[in-house]
Amino acid sequence: MSVVGPLSRRCWRLLLLIVVSVLPGLAACAPMDVAPVRTPTPPQVIREPSRAGGKLVYGLTLSPSGIDPHINASAELGIPLTSVYDTLIYRIPGSTPNDGKQFVAGLAESWDMSDDGLTYTFRLRRDVTFHDGTPFNAEAVRANLERIVNPDTQSQKAIFLLGPFASVEVIDEYTVAMHLSAPYAPLLDGLAQVYLGMASPTALARWGVDYQFHQVGTGPFKFVEYVPNDHLTLIRNDDYNWGPALYDHAGPAYLDEIEFRFFADPAGRAFALEAGDAGVMGELPPFDAARLRQDDRFGIMPVAIPGQPLGLMLNTRRPPLDDGRVRQALLLATDRATITQAIFGGESSPAYGPLTAVTFGYDPLLAQRYPYSRDEAAALLKEAGWSDADGDGVRERDGQPLILDAILMTWGSVPEVAQLVQSQWAQVGVALRTETLTYPAALQAAREGNYHIIPQNFSGSDPDLLWAYYYSNQPFNWSKVSDTTLDNLLDKGRNTPDPAQRAELYAQAQQLIMELALLIPIRDPVNLNAASARVAGLHFDAHGWFPLLHDVYVREQ
Amino acid sequence: MIIYVIRRMLAALAVLWGVASVAFLLLHVLPGDPAEAILAGSGASSAEIAQIRRQLGLADPLLVQYGRYLLNTLEGDLGRSFFSNRPVMLTIVEQLPSTLELATAALAVAVALGLSLGILAALRAGAWIDRAVMGVAVLGVSVPVFWSGLLLIWIFSVSLNWLPATGTGGWQHLVMPAAVLGLVGAGPIARLVRASLLTVLRTDYIILARAKGLPEAIVVGRHALRNAIIPSIALIGLQAGFLLGGTVVTEVVFARPGLGRLVIDAILWKDLPIVQGVVLLIAAIYVVINLSVDLVSLALDPRLRQ
C-alpha cells in the first residue's frame with residue numbers, strides 16, 4: 001500500500017476531474033451558486049478571511065435516535081458528526097479502481113499494510129489536539145478501537161467496519177498498528193467513515209454511556225449540544241489546522257456556528273427552506289426540487305449515493321421464483337426508466353445491477369442487460385410453462401395462477417414503485433399482491449422467507465457490502481441465494497488488497513448476480529439537497545450523505 | 001368527598017397497571033425483532049444479532065421480561081431506549097414540555113373558539129350565521145392537520161413572511177400549530193355547546209327569566225350558560241387527552257420536538273421501552289384529567305353531590 005504524503009499537482013488535477021465527473025447534475029442546474037466550483041490551485045488554498053463568520057441552519061430529515069458514532073448506525077448521525085470528527089484516512093469522492101489511489105491522509109500521515117494483509121501500520125500526525133485539549137496520539141487510537149470492539153459498547157456499525165479485527169498495538173507515541181485475524185480489504189474504507197472517527201479518550205472515560213451528549217473530536221467544528229428532535233449545535237474549532245486534502249482551504253472553518261434541525265415531514269422541507277428556517281435542506285422530494293430549480297434564490301445539489309440501488313429482491317427459494325427463467329422474465333417486464341421518471345422525476349437514474357453507478361467497482365456493462373421487453377418476458381414465461389389458457393389476464397401452470405406476494409415498506413417511495421411494477425407485470429400476465437409492513441415486521445418476514453419480493457436499499461461505499469446480502473446463509477440474504485461461485489468471488493473480493501483486481505472480482509460477482517436474476521434494480525438513490533443561493537462552498541464526501549462543511553461560507557446579501 | 005377521591009385513585013392505579021400490561025403484551029405480540037432492526041444495515045451475522053438480543057434482555061422468556069418490567073416500573077425505572085441507549089424517563093422529560101405547551105395552547109384555542117362559536121350558533125339558530133359556524137366546525141374536524149398545517153405555512157411563512165414556519169422558540173412559533181390543532185378540537189365543543197344551550201334556552205326557567213324582563217346578556221350568560229356548559233366540561237376533558245395525542249402530526253408538520261414524534265418512531269422501530277414509557281405516561285395524564293373533570297363537575301353541579 002502506498003505511503004501518502006501531500007498531494008502533488010497532478011493528483012490535484014485528477015481529483016478535480018473526478019469531482020467534476022461524479023457530480024454531473026451540478027452542471028445542469030446553472031445558475032447555481034452552491035455548486036462546488038473547484039479552482040485548480042495546488043495543495044490547499046489559504047483561508048479567505050472575508051468569508052469567516054455567520055451561522056448556518058442545516059435541515060436534516062430525522063432526528064437520529066442515538067448519535068454515538070461508535071455505537072449507532074444511522075446515516076443521519078454522520079451528517080453533523082462528519083464535522084466533529086476526523087478519521088485516520090479519507091476516501092476520495094468518486095475515485096475509481098483505476099485511479100492511483102482511493103484514499104488521502106487524515107489523522108494518519110501515512111500507512112502501509114503487511115505482505116500477509118494482516119497488519120496495518122499508521123503513522124499519525126503530531127500536531128493534533130482534541131477539542132478538550134487532550135493530545136491525539138497512538139494511545140488515543142488504541143482507546144477508540146478498544147472501546148468499539150468491547151462487547152459492552154454494543155456497537156451497531158463501527159465494529160462491523162473493522163471486520164476481522166484482532167488487536168491494536170501502540171508502537172510508539174505516533175505509530176499504531178492494527179492486527180487482523182484475516183485479510184480484509186474493506187478496512188480502509190471503514191477507517192474513512194465517521195463511525196470510526198477519533199474521539200477524545202478523556203471524554204470517553206468521563207462520560208461513559210452518556211458520551212453521545214458530550215462528544216469531543218478533533219474536527220473543524222466542536223459539538224455544543226444535542227436536544228433530540230429539536231436541534232444539534234456545533235461551533236467552529238479555531239485551532240483546526242490539520243484538515244485533509246479533500247478540503248478546499250487550510251486552517252479553521254469559515255462558519256461560526258452550525259445548527260442542525262430536523263424536518264421529518266418531506267412535504268414541508270421546501271417550505272422551510274423558502275421561509276428561511278434553514279439554509280441547506282437534505283432529501284427534498286423530487287418534485288419540490290424541480291420547483292426550486294426554477295427559483296434563483298436556491299440551488300439544487302443532487303448527490304448520488306454509493307451502495308445498493310433501490311431494488312426488489314427475488315426470493316429464489318419460493319416457487320415459482322425458484323425458476324430462473326421466471327425471475328429473468330420479471331426483470332425484462334419491468335420498465336425501470338418509466339418508473340424512475342414517473343416517481344423520482346428524472347432526478348435519479350434507473351439502476352442496472354446490485355451496486356449503484358457511483359459505487360467503487362460498479363460494472364457499467366450491466367446497463368445493457370435486461371432491456372425492457374414485454375415480448376421477451378412473455379416468451380420466457382411461456383418457456384417456463386406459464387400461459388394464460390383461460391384468458392383472465394393472469395398466466396397459470398398446472399391450474400396454479402402466477403400470483404406473487406410482495407412485502408412493502410413505506411420508505412423510499414416503495415409503495416409507489418410497487419404500483420407501477422404491478423401494472424407493468426399485469427401486462428405480461430403476472431399478478432402482484434402487496435402487503436405493507438413496518439421495518440421490524442418486514443425484517444421478520446424476510447427472515448422467515450414469507451414473500452416472493454421484498455424491497456432493499458442499504459448504502460455503503462465498498463462493494464464488500466454485497467457479502468452481507470448475497471453470501472450463502474447470511475441473515476440478510478433476502479434472495480436466499482446459495483451459490484458457491486458467488487461466495488468465492490465475494491470471499492476473494494474481501495481478501496484481495498489490489499483495487500484493480502478487486503474491481504474485476506466484483507464485476508464478475510455483479511454479472512453473476514444479474515445472470516441469476518436475484519434482484520430487480522429500480523433506481524440509483526440520489527440525495528437531493530437544496531440550499532439558499534447565499535450558501536457557498538458546500539460539497540459532499542465519498543459516502544454521499546455527509547457534507548464537508550469546513551469550506552462552507554455564507555455570502556453577504 | 002375524600003373517600004370518593006381515594007376510591008378513584010385506587011381505581012386509577014388499577015387502570016395504569018392494566019394499561020402497562022396491555023401495552024407490554026401488545027408490543028411483544030407485534031412481529032419483528034428489535035435486535036434485527038438495529039443491525040440490518042450493518043450486515044451482521046445471526047450470532048451477532050443474537051448477542052444484541054441477549055444484551056437487550058429480549059432473549060428471556062416473556063414472563064421473566066414482564067416481571068422485570070413491572071418491578072422496574074414500580075421502582076420508577078422505565079429502562080433505556082434500545083436504539084439511543086438513553087434513559088426513557090429522561091427522553092420523555094426532554095420531549096414532554098414541548099408537547100404540553102402545544103396541547104395547552106391548542107386546548108385554549110379549542111375552548112375559546114368552541115364556546116364562542118357554539119354560543120353564537122345557538123343564539124342565531126337556523127340563521128345563516130348558524131349554518132356558517134357549524135360548517136366551520138365540520139371543516140375543523142375533517143380537514144387533516146398535515147394539509148391545513150402546510151397551507152398555513154405556505155400563506156403565513158412562505159408568502160407573507162409573518163410567522164416562522166417551523167421549530168420552537170417564542171410565541172410566534174406556537175401560533176400556527178396551536179391554531180391548526182385547536183381548530184380540530186373546537187368543532188365538537190362548538191356543536192355540543194350549541195346543542196345544550198338550545199335545549200336549556202327552551203326550558204321554563206329561562207322563559208321565566210325573560211318574562212321578568214332580564215337583559216338577554218344576563219339570561220344567557222348567567223342563567224342559561226351555567227347549565228348548558230356542564231356536558232361540555234366532560235367533552236373538554238376528553239378533548240384535552242385527544243389533543244395530547246393529536247400533537248403527533250402537528251409536531252411533524254411544524255418540525256417541533258415532542259412526544260408524538262418520539263412515540264411514532266419508537267413504534268415503527270419497535271423501541272419497546274420508549275413506547276411502554278410513553279403509553280404509561282399518557283395513560284397517567286388521561287387518568288388525572290378524568291379525575292379532575294369529575295371533581296370540577298362535582299363542584300359545578302350540586303345534583304352530582306347527592
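**Salt bridges, cores and a helix pair: a quick tour**

Okay, let's start with a little cluster in chain A: A:K55, A:E257 and A:E259 are joined up in a network of salt bridges. Before I go on, keep in mind that this is a predicted model.

So how many salt bridges are there over all chains? The count comes to 29. As a reminder of the general idea, side chains of opposite charge can pair when their charged atoms come close. I'll pick out a few pairs.

Staying in chain A, have a look at A:R91 and A:D189. They form a salt bridge, with 2.5 Å between the closest N and O atoms. This pair links distant parts of the chain: A:R91 sits in strand 2, residues 89–91, while A:D189 belongs to helix 6, residues 187–191, and they are 98 residues apart. Are these two buried or exposed? A:R91 is buried, and A:D189 is buried too.

Now over to chain B. Here B:R86 and B:E94 meet through their side chains in a salt bridge, 2.3 Å from N to O. The arginine, B:R86, counts as buried because its relative accessibility is 9%, under the 20% cut-off. Its partner B:E94 is partly exposed, with a relative accessible area of 26%.

Another chain B pair is B:R256 with B:E101, where the closest N and O atoms are 3.1 Å apart. B:R256 is in the loop between helix 11 (230–253) and helix 12 (259–269), and B:E101 is in helix 5 (residues 88–123), so this salt bridge ties together parts of chain B that are 155 residues apart in sequence. B:R256 has 1% relative accessibility and counts as buried, whereas B:E101 is partly exposed at 37%.

While we're in chain B, let's talk helices. The axes of helix 10 (residues 216–228) and helix 11 of chain B come within 4 Å and cross at roughly 50°. That crossing makes helix 10 of chain B oblique to helix 11 of chain B. Which residues make the contact? From helix 10 of chain B we have B:R226, B:N227 and B:A228, and from helix 11 of chain B there are B:I230, B:P231 and B:S232. Sorted by class, this contact has three nonpolar, two polar and one charged residues.

Back to chain A, and to the nonpolar cores. In soluble globular proteins, nonpolar side chains tend to be buried together. The largest nonpolar core here has 103 residues, and those touching the most other members are A:L404, A:W425, A:I453, A:Y470, A:W478, A:L486 and A:L490. Take A:L486: setting aside neighbours within four places in sequence, A:L486 is in contact with A:Y470, A:V481, A:A509, A:L512, A:I513 and A:L518. There's also a second, separate core of 82 residues, which includes A:Y58, A:L161, A:L191 and A:Y240.

Last stop: two residues in one loop. A:Q193 is found in the loop between helix 6 and helix 7 of chain A, and A:S200 lies in that loop as well, with helix 7 covering 201–207. A:Q193 counts as buried at 6% relative accessibility, and A:S200 is buried with a relative accessible area of 0%.

What does A:Q193 touch? Leaving out residues within four places in sequence, A:Q193 is in contact with A:T87, A:K157, A:L161, A:S461 and A:H543. For A:S200, not counting residues up to four places away, the contacts are A:F130, A:D132, A:T134, A:Y211 and A:V216.

That's my tour, thanks for listening!

Conventions. Residues numbered from 1 in each chain as written. Chains lettered and ligands numbered in written order. Predicted model: local features only at pLDDT ≥ 70, side-chain atom pairs only at ≥ 80, totals over all residues. Heavy atoms only, no water. Salt bridge = Lys/Arg side-chain N within 4 Å of Asp/Glu carboxyl O. Buried < 20%, exposed > 50% of the residue type's maximum accessible area, 1.4 Å probe, protein only. Axes fitted to C-alpha atoms, helices over the stretch in contact; angles between N-to-C directions. Parallel < 35°, antiparallel > 145°, perpendicular 65-115°, else oblique. Contact = heavy atoms within 4.5 Å. Nonpolar A, V, L, I, M, F, W, Y, C, P; charged D, E, K, R; others polar. Core = buried A, V, L, I, M, F, W, Y, C linked by side-chain atoms within 4.5 Å.
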